[in-house]
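Dear colleague,

I am passing on the structure below, and would be glad if you could look through it before reading my notes on its side-chain pairs.

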Amino acid sequence: MKVVLFCGGYGMRMRSGAADDVPKPMAMVGPRPLIWHVMRYYAHFGHREFILCLGYGAHHIKDFFLNYEETVSNDFVLRGGRTELLSTDIADWTITFAQTGIESPIGERLRRVRHHLDGDEMFLANYADVLTDAPLPEMIDRFAQRDAGASMMVVPPQSSFHCVELGEDGLVGGITAVSELPLWENGGYFVLRQEVFDHIPENGDLVADGCAQLAKQGRLVAHQHRGFWRPTDTVKERAALDAAYARGDRPWAVWERDGAGATGTRDGAGVSA
């Protein structure tokens, strides 16, 4: 299945200064940017056709893949001044780079790459800045068996704050951690059918418009995931993931856990623009 990645937002909370125009999916976790970790997750499960919805800072993403260094994350032999790779990352990936506008909301970005989906009935979508160990095949299979237009992975609230119950007299009746409330958050991993385009207006949003309309019709499925899931909305969250990577604590790297860390091929990556 094709994977649509939304990677054109400003990512203001991740920026270190006015001169920093690197989009959030290009923030580093270990030796590779966030978007690479997300793509490796999908590729591990056999989904290696990617459509990148570019916008702000698009040249950073293009340059990364056009000048991709396999030796950064793969073993190799240097023989006679020439590099012989023992494994590869992106050799069998096909990546389409599509400019979808600087200010476009997520739904509009999706609308603008619809023609790249070749009419595929089902496809995957992701914000390109959230890491997880969720069982993707299970998510897809469950959705495929349902008569629905979209599936959204949902996760327990991640906030460390507490909710306070107040009585009319101003006395506190109870305190509950947000994470313990019977609520679920959008986890950013989607399985979609072409039907979703019927509910996204021009300059609309994928969730607020497309998913909300499907929910009203009883055609939106939720995949509940209580395992590892980490957003990277702030510099602190990105730094925490980077530190975890450095100490070998990276549950999102399912390609390492399952013993399939590389494609094993040595062909050039398929790249189109």
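A salt bridge is taken here as a side-chain nitrogen of Lys or Arg within 4 Å of a carboxyl oxygen of Asp or Glu. By that criterion Arg 247 and Asp 249 are joined in a salt bridge, with 3.7 Å from N to O; Arg 247 is exposed at a relative accessible area of 58%, while Asp 249 is partly exposed at 39%.

Please bear in mind that this is a predicted model. The pLDDT averages 88 over the chain, and 90% of the residues score at least 70. Residues 260-269, however, have a pLDDT below 50, although this stretch has 25 contacts in the model beyond near neighbours in sequence.

On the charged side chains, the structure holds 16 salt bridges, including the one above and two that link parts of the chain distant in sequence. In one of these, Glu 49 pairs with Lys 2, their closest N and O atoms being 3.9 Å apart; Glu 49 belongs to strand β4 (residues 49-54) and Lys 2 to strand β1 (residues 2-7), with the two positions 47 residues apart in sequence. Glu 49 is partly exposed, at 40% relative accessibility, whereas Lys 2 has 9% and therefore counts as buried. Both residues also belong to a network of salt bridges that takes in Asp 118 and Asp 120.

The other is the salt bridge between Lys 24 and Asp 233, at 3.0 Å from N to O. Because Lys 24 lies in the loop between β1 and β2 and Asp 233 in the loop between β15 and α6, this pair ties together parts that are 209 residues apart in sequence. Lys 24 counts as buried at 13% relative accessibility, and Asp 233 as partly exposed at 28%.

Turning to the rings, there are 14 aromatic pairs in the structure. The ring centres of Trp 36 and Trp 255 are 5.9 Å apart and the planes stand at 85 degrees, so this pair is edge-to-face. It also links distant parts of the chain, since Trp 36 is in helix α1 (residues 34-44) and Trp 255 in helix α7 (residues 254-257), 219 residues apart. Trp 36 is buried at 4% relative accessibility, and Trp 255 is buried at 3%. Elsewhere, Tyr 41, Tyr 42, Phe 45 and Tyr 189 make up one aromatic cluster.

Finally, two arginines are placed over rings: Arg 193 lies over the face of Phe 143, 4.4 Å from the ring centre, and the charged end of Arg 250 sits over the ring of Tyr 245, at 4.0 Å from its centre.

With best regards

How values were computed
Residues numbered from 1 in each chain as written. Predicted model: local features only at pLDDT ≥ 70, side-chain atom pairs only at ≥ 80, totals over all residues. Heavy atoms only, no water. pLDDT = per-residue confidence, 0-100. Contact = heavy atoms within 4.5 Å. Phe/Tyr/Trp six-rings, centres within 6.5 Å; stacked < 30°, edge-to-face > 60°. Helix = DSSP H or I, 4+ residues; strand = E, 2+ residues; numbered from the N terminus. Buried < 20%, exposed > 50% of the residue type's maximum accessible area, 1.4 Å probe, protein only. Lys NZ or Arg CZ within 6 Å of the ring centre and 35° of its normal.
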